[in-house]
Amino acid sequence: MQDLTVQYKDEAVKDANRPIELYDLYLGSQNSCDSQTFYFCTDNRRVYFWNLDSVLQYYQPIKVNRSSIPASNQLEIEAVSGEFDNVDRLWSKLAQYD
């Protein structure tokens, strides 16, 4: 009998099979993408993919740590928090709150 578990584990750890997360960050309009919408991904290189307005965008790599997503069957809105690492001064200015 063939052991599929070992083969699965070997395949799952390959870079090509690693899942990535895409983040659309809306600093301007909260209803659609505009010039103040930033696109980030958790991959180590740029990803070319569709945004929420069905337009192809480059998602820039950035280190993101987010909290786990709570599981619920009550259809309530769940909240997660995230942290961005290694941001420059321009990005720090955009992210400041009054």
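**Exercise 1. Find out how many disulfides this predicted model holds, and check how buried Cys 33 and Cys 41 are.**

Solution. Start with the count: searching the whole structure turns up zero disulfides. As a reminder, a disulfide is a covalent bond linking the sulfur atoms of two cysteines. Next, take Cys 33. Its relative accessible area is 19%, and the cut-off for buried is under 20%, so Cys 33 counts as buried. Then look at Cys 41, which has 0% relative accessibility and is buried too.

**Exercise 2. Work out which element Asp 24 sits in and what its side chain pairs up with.**

Solution. First, place the residue: Asp 24 belongs to strand β1, which covers residues 22-26. Second, try charge. Asp 24 is buried but has no salt bridge; Arg 66, the nearest side chain of opposite charge, is 13 Å away. Third, try polar partners. The side chains of Asp 24 and Tyr 59 share a polar contact of 2.8 Å, and the Asp 24 side chain also reaches the backbone nitrogen of Leu 52 at 3.5 Å. Finally, list the neighbours: leaving out residues up to four places away in sequence, Asp 24 touches Phe 38, Tyr 39, Asn 51, Leu 52 and Tyr 59.

**Exercise 3. Step back and describe the chain: which elements does it have, and how much of it is buried?**

Solution. Count the elements to get two helices and six strands. Read from the N terminus, they go α-β-β-β-β-β-β-α. Now for burial: of the 98 residues in the chain, 14% are buried. To finish, check the surface: the accessible area is about 8,500 Å², with 52% of that belonging to carbon and sulfur atoms.

Notes. Residues are numbered from 1 along each chain as its sequence is written. This is a predicted model: local features need pLDDT of at least 70, side-chain atom pairs count only at pLDDT 80 or more; totals for chains, interfaces and linings use all residues. Side-chain values use heavy atoms; hydrogens and water are left out. Helices (H or I, at least four residues) and strands (E, at least two) are DSSP runs, numbered from the N terminus. Buried means under 20% relative accessible area, exposed over 50%, partly exposed in between (1.4 Å probe, protein chains only). Lys and Arg count as positive and Asp and Glu as negative; His and the chain ends are not counted. A salt bridge is a side-chain nitrogen of Lys or Arg within 4 Å of a carboxyl oxygen of Asp or Glu. A polar contact is a pair of N or O atoms within 3.5 Å; within protein, one must be able to donate a hydrogen and the other to accept it, and residues adjacent in sequence count only if both atoms are side-chain atoms. Contact means heavy atoms within 4.5 Å. A disulfide is a pair of cysteine sulfur atoms within 2.5 Å. Accessible areas come from the Shrake-Rupley method with a 1.4 Å probe; for residues, only the protein chains shown count as cover.
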